[in-house]
Amino acid sequence: MNHRLDGADAPYWQGLEQGHLLLPRCAHCARWLWPAGHRCASCGGIGMVWEERPLRATLYSWTRTWHRFGFTENLDLPYVSIVVELDDCSVRLMGRMDDPTPDNPRIGEALVGRIGETVVGEDRIPTVIWSRAA
Ligand SMILES: [Zn+2]
């Protein structure tokens with residue numbers, strides 16, 4: 001069963017598969033709702049609209065993984081997992097970063113994203129892959 005097809009965040013995954021970053025916004029009070037849910041935590045409204053956002057962000061947190069664990073055989077080691085804060089809506093998203101080894105990523109640095117995928121076992125997961133803004 002693929003939860004990416006029928007969860008509250010299904011439009012996010014479908015957007016990534018089509019090359020777009022889509023995020024939900026409350027149809028009543030316009031607050032960004034992430035993680036996606038079925039009701040606005042701020043105004044209680046039901047109903048949301050999905051808007052495309054640009055792939056520009058700042059680095060919020062990161063970690064570099066040096067050792068392999070199950071189902072990550074398709075990832076080159078080491079790899080960098082990150083949390084970014086999108087520039088124009090302050091939503092935080094998880095993703096991967098092109099590894100800037102030997103320089104460590106720096107919290108707050110500007111990033112640009114592209115949509116790729118992460119292969120975990122047999123599953124090909126659409127993923128935003130971030131790199132330093134030129
Ligand atoms: Zn609302």
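The radius of gyration of the chain in this predicted model is 16 Å, which agrees with the value near 14 Å that a compact globule of 134 residues would have. Along the principal axes, the C-alpha trace extends over about 45 × 35 × 25 Å. Of the 134 residues, 35% are classed as buried. The accessible surface amounts to about 7900 Å², and carbon and sulfur atoms contribute 51% of this area.

The secondary structure consists of one helix and seven strands. In order from the N terminus, the elements follow the pattern α-β-β-β-β-β-β-β, with the helix preceding the strands. Among contacts with a separation of 6 or more, 49% are formed by residues 24 or more positions apart.

Charged side chains comprise 14 positive and 17 negative groups, and the centres of these two sets are separated by 5 Å. Nine salt bridges are found in the whole structure. One of them pairs Arg25 with Glu51, at an N to O distance of 3.3 Å. This pair connects distant parts of the chain, as Arg25 belongs to strand β1 (residues 22–26) and Glu51 to strand β2 (residues 48–52), 26 residues apart. Arg25 has a relative accessible area of 23% and is therefore partly exposed. Glu51, at 26% relative accessibility, is likewise assigned to the partly exposed class.

A further salt bridge is formed by the side chains of Asp88 and Arg53, with an N to O distance of 2.3 Å. Here too, distant parts of the chain are linked: Asp88 lies in the loop between β4 (79–86) and β5 (92–97), whereas Arg53 lies in the loop between β2 and β3 (56–65), and the two are 35 residues apart. The partners fall into separate accessibility classes, with the boundary for burial set at under 20% relative accessible area. Asp88 is partly exposed because its relative accessibility is 38%, while Arg53 is buried because its relative accessibility is 16%. Through shared partners, salt bridges join Arg25, Glu51, Arg53 and Asp88 into one network. This network thus includes a residue of strand β1 and a residue of strand β2, together with residues from two loops.

The salt bridge between Arg124 and Glu117 has an N to O distance of 2.6 Å. Glu117 has a relative accessible area of 35%, so this residue is partly exposed.

Key. Residues numbered from 1 in each chain as written. Predicted model: local features only at pLDDT ≥ 70, side-chain atom pairs only at ≥ 80, totals over all residues. Heavy atoms only, no water. Helix = DSSP H or I, 4+ residues; strand = E, 2+ residues; numbered from the N terminus. Rg over C-alpha atoms; globule rule 2.2 N^0.38 Å. Buried < 20%, exposed > 50% of the residue type's maximum accessible area, 1.4 Å probe, protein only. Contact = heavy atoms within 4.5 Å. Areas by Shrake-Rupley, 256 points an atom, 1.4 Å probe, with all protein chains shown as cover. Lys, Arg positive; Asp, Glu negative; His and termini not counted. Charge placed at Lys NZ, Arg CZ, Asp CG, Glu CD. Salt bridge = Lys/Arg side-chain N within 4 Å of Asp/Glu carboxyl O.
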